Amino acid sequence: MWVSSSFPQSSPLSLCKQHSSQSLTKIPAAGGAAGCSAATPSILPFHVKSITSTSNPFVKHCVKLRNSTSYRHSHGSVLLVGTTPIREMFNFQESKDEKASRIDCLLLLEDAEVPEDLVESGIRIVRVSSVVMKKLCGVQSTESIDAVSLVKIPSTFHNLDDDHHQGFSKWFPSAFRILVLDGIQDPGNLGTLLRSAVAFGWDGAFLLPGCCDPFNEKALRASRGASFQLPMVSGQWSDLQSLVDGFKMKILAGDPGSKEGPVSCLTNELACSLIDTKLCLVLGSEGSGISGKAREASELVSIRMGGEFESLNVSVAGGIFLFMLQPQKKKLVK
């Protein structure tokens, strides 16, 4: 489930004053090449070039970032695993005039080469042993992983429990096509939907209560960096309604076929009729479907199937919706 928390933006690599004995982030010194004596786990002294022990405080900090939603957001930092998503995230940020996120540190396996795109980046590199890399990754895979990085949660992510001072016009640079996820708890499904939204040119995602954290390690793997590319908002239905009313958007909701009211079929004709319409597309979980509020406020749309199955996996169905309803031309909202 989603955990609401604040997002302080302090760098995990910056030097700072010693915390008091009451600090929740202060832990005893541990062994390893880093030698982080009497340091908080989120701080890595600048003289450290390698880490060899899994008991190192900074390693424990990184593992906790990977495992805990509340810890991740309280530190405003994410552990991104794997060379490909790191490179994709870096290249995307480099292509933007205003960078929404940044790589604070690249943790690289002892003998691994620096990813080509990052050679001239100036990003701090710390070498780690194979046992430390295995601890950091936390995944059982036949594919070797030789890089992880600490990445700032992007400024394009808004938790409205903390950002009530920001109006709906600040959430998305453009609000022509917005994906709304309603209680999507499976991180693989959520990550895949975010990836599809980016692939088909959607403008952002709105996460209603009950959604898992888009920076969950499984969601990150499934999204392949989309969590850092797509503007996202986590909020209540009332917040979404403000967006819909403010930008005069139409709400569609994916439905396998409801007995409670009329359901339209997703067709080329329907998609063409909505080319110039600002849309929110609501997708619900496979178990519970869309919420009652979403059902009341939306035009229900189903995917016609010739087989005997009653419904599709939400990430598969969502991919079809996102493809069929993708913007034909970019419309910037003024």
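**From a buried serine to the cores and surface of the chain**

Ser-315 has a relative accessibility of 12% and therefore counts as buried, the cut-off for that class being under 20%. The model in which this residue is seen is a predicted one. Ser-315 belongs to helix α11. Its side chain makes a polar contact of 2.4 Å with the side chain of Asn-313. Beyond the residues up to four places away in sequence, Ser-315 touches Asn-189, Thr-192 and Leu-193.

The helix that holds Ser-315 also leads to the interior of the chain. The largest nonpolar core has 50 residues, and the members that touch the most others are Leu-179, Leu-181, Leu-190 and Leu-325. Helix α11, which spans residues 314-324, gives this core its largest share, five residues. A second core, separate from this one, has 22 residues, among them Ile-178, Leu-208, Val-233 and Cys-280. Returning to Leu-190, its contacts, with neighbours within four places in sequence left aside, are Leu-181, Ile-184, Leu-207, Cys-211, Cys-212, Pro-214 and Ala-219.

The chain as a whole gives the setting for these cores. It contains 11 helices and 13 strands, and 51% of its 334 residues count as buried. Among contacts with a separation of 6 or more, 77% are between residues 24 or more positions apart. About 16000 Å² of the chain is exposed, and carbon and sulfur atoms supply 50% of that area.

Part of the surface is a nonpolar patch formed by Met-305, Leu-312, Val-316 and Ile-320, which together have about 280 Å² of accessible area. One of these residues, Leu-312, lies in the loop between β13 (299-302) and α11. Leu-312 counts as partly exposed because its relative accessible area is 31%, between the limits of 20% and 50%.

Two further loop residues deserve attention for their backbone geometry. Most residues other than glycine have a negative phi. Arg-224, although not a glycine, has a positive phi of about 50°. Arg-224 is placed in the loop between α6 (217-223) and α7 (226-229). With a relative accessibility of 31%, Arg-224 counts as partly exposed. Lys-248 also has a positive phi, near 50°, and is found in the loop between α8 (237-247) and β10 (250-254). The relative accessibility of Lys-248 is 72%, so this residue counts as exposed, a class that requires a value over 50%.

Definitions and conventions. Residues are numbered from 1 along each chain as its sequence is written. This is a predicted model: local features need pLDDT of at least 70, side-chain atom pairs count only at pLDDT 80 or more; totals for chains, interfaces and linings use all residues. Side-chain values use heavy atoms; hydrogens and water are left out. Helices (H or I, at least four residues) and strands (E, at least two) are DSSP runs, numbered from the N terminus. Buried means under 20% relative accessible area, exposed over 50%, partly exposed in between (1.4 Å probe, protein chains only). Contact means heavy atoms within 4.5 Å. Accessible areas come from the Shrake-Rupley method with a 1.4 Å probe; for residues, only the protein chains shown count as cover. A nonpolar core is a set of buried Ala, Val, Leu, Ile, Met, Phe, Trp, Tyr and Cys residues joined through side-chain atoms within 4.5 Å. A polar contact is a pair of N or O atoms within 3.5 Å; within protein, one must be able to donate a hydrogen and the other to accept it, and residues adjacent in sequence count only if both atoms are side-chain atoms. Patches are made of residues with over 30% relative accessible area and no salt bridge: like charges are joined within 9 Å, nonpolar side chains (Val, Leu, Ile, Met, Phe, Trp, Tyr) within 5 Å. A salt bridge is a side-chain nitrogen of Lys or Arg within 4 Å of a carboxyl oxygen of Asp or Glu.
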